[in-house]
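Student: Please take a close look at the sheet with strands at its edges, and then at the contacts and links elsewhere in the chain. I am new to this structure, so explain each term once.

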Amino acid sequence: FAVSDLMKKKNLIIELESKPCITPKKCEQKIPSKLYVFVGEKIDVSYADTSDYCYMLMDSKYNATYKIEQEFGDHFPDSTIAFTAYDHNSMSRYLFENYENVLIFVGEYCGDLIHMKYQFFPVYKTQDGRCATPVDTYKDDYDKSKKDLYENIVFDESVSFDLPNQISDEQMTEFIKNRFPEKYYRIKDEKAYPIIGIYAENMVKHWMETYI
């Protein structure tokens with residue numbers, strides 16, 4: 001029947017039946033059964049549709065697949081790993097999916113692989129083939145315990161960050177001071193080149209000692 005035809009019938013009452021909703025799996029497990037800590041290369045990160053859930057999630061949900069480049073935690077029995085991630089309105093700069101390579105922390109909870117919320121560090125190759133994360137002045141201002149991990153690092157020459165366009169000289173000076181200070185970055189040709197950072201293995205050790 002055409003709905004338009006049915007609606008013309010005065011003696012007919014149409015009651016819509018609700019579409020069945022999905023109840024998200026609940027897990028009360030606090031400590032992961034397995035902890036996968038690895039440097040991974042992004043294969044795919046896609047937004048998960050939660051519109052059929054029985055209630056609105058407070059966070060955005062993502063499905064992620066990464067190639068494992070270097071392991072630091074429990075061994076994962078494959079070269080690629082798929083996991084679920086949640087984020088609550090983070091700035092673009094602090095979304096792991098916006099980086100090609102990350103040091104990331106994934107736990108197994110109730111049989112599912114879940115990214116430990118907000119726990120990741122963007123990493124880049126160094127000239128000697130290792131992985132390191134540059135200094136993030138905003139985050140590190142709130143974590144003074146990482147200061148002792150800083151060391152001079154020669155990153156691969158391709159590692160650089162673009163400076164913003166169309167801002168005044170005064171604004172640029174303030175931006176560089178706050179985001180790319182000269183003690184951590186070298187500024188050249190409208191780009192910032194990291195000169196100090198933390199090696200991935202040292203970051204993992206620090207994380208294990210403080211976060212866990």
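Tutor: An open sheet is built from three strands in the order S9-S11-S10, with antiparallel pairing. Strands and helices here are DSSP runs numbered from the N terminus (helices H or I, at least four residues; strands E, at least two), and two strands pair if DSSP finds at least two bridges between them. The model is predicted, so local features need pLDDT of at least 70 and side-chain atom pairs pLDDT 80 or more, while totals for chains, interfaces and linings use all residues. Residues are numbered from 1 along each chain as its sequence is written, and side-chain values use heavy atoms, without hydrogens and water.

The edges of this sheet are strand S9 (161-162) and strand S10 (185-188); each has a single partner strand, so one side of each is left without a neighbour in the sheet. S10 pairs with strand S11 (residues 191-194) in the antiparallel sense, over four bridges. Ile 187 stands opposite Ala 192 in S11. Arg 186 lies over the face of Tyr 193, 4.8 Å from the ring centre (NZ of Lys or CZ of Arg within 6 Å of the centre and within 35 degrees of the ring normal).

Tyr 185 also forms an aromatic pair with Phe 180 (ring centres within 6.5 Å; planes under 30 degrees apart stacked, over 60 edge-to-face, the rest tilted). Their rings are 4.8 Å apart centre to centre, with 70° between the planes, and the pair is edge-to-face. Phe 180 is buried at a relative accessible area of 3% (buried is under 20%, exposed over 50%, partly exposed in between; 1.4 Å probe, protein chains only). Tyr 185 is buried too, with a relative accessible area of 3%.

The structure holds 16 aromatic pairs. In another of these, the rings of Phe 96 and Phe 120 have centres 6.3 Å apart and planes at 65°, so this pair is edge-to-face. Phe 96 is in the loop between strand S3 (80-87) and strand S4 (101-109), and Phe 120 is in strand S5 (residues 112-122), 24 residues apart. Phe 96 and Phe 120 are both buried. Ring pairs link Phe 96 and Phe 120 with Tyr 66, Phe 83 and Tyr 99 into a cluster.

Tyr 66 leads to another pairing: this residue is in S2 and stands opposite Lys 42. Strand S1 (residues 35-47) and strand S2 (residues 60-71) pair in the antiparallel sense over nine bridges. S1 also pairs with S4, again antiparallel, over seven bridges, and the bridge partner of Tyr 36 in S4 is Val 106.

There are two disulfides (cysteine sulfur atoms within 2.5 Å). Cys 21 is joined to Cys 54, S to S 1.9 Å. Cys 21 lies in the loop between helix H1 (3-7) and S1, and Cys 54 in the loop between S1 and S2, so the pair ties together parts that are 33 residues apart in sequence. Cys 21 is partly exposed at 46% relative accessibility, and Cys 54 is partly exposed at 34%.

Cys 27 and Cys 110 form a disulfide with their sulfur atoms 1.9 Å apart. Cys 27 is in the loop between H1 and S1 and Cys 110 in the loop between S4 and S5, so this link ties together parts 83 residues apart in sequence. With bonded cysteines counted along the chain, the pattern is 1-3, 2-4.

Conventions
Rings of Phe, Tyr and Trp (its six-membered ring) pair if their centres lie within 6.5 Å; planes under 30 degrees apart count as stacked, over 60 as edge-to-face and the rest as tilted.
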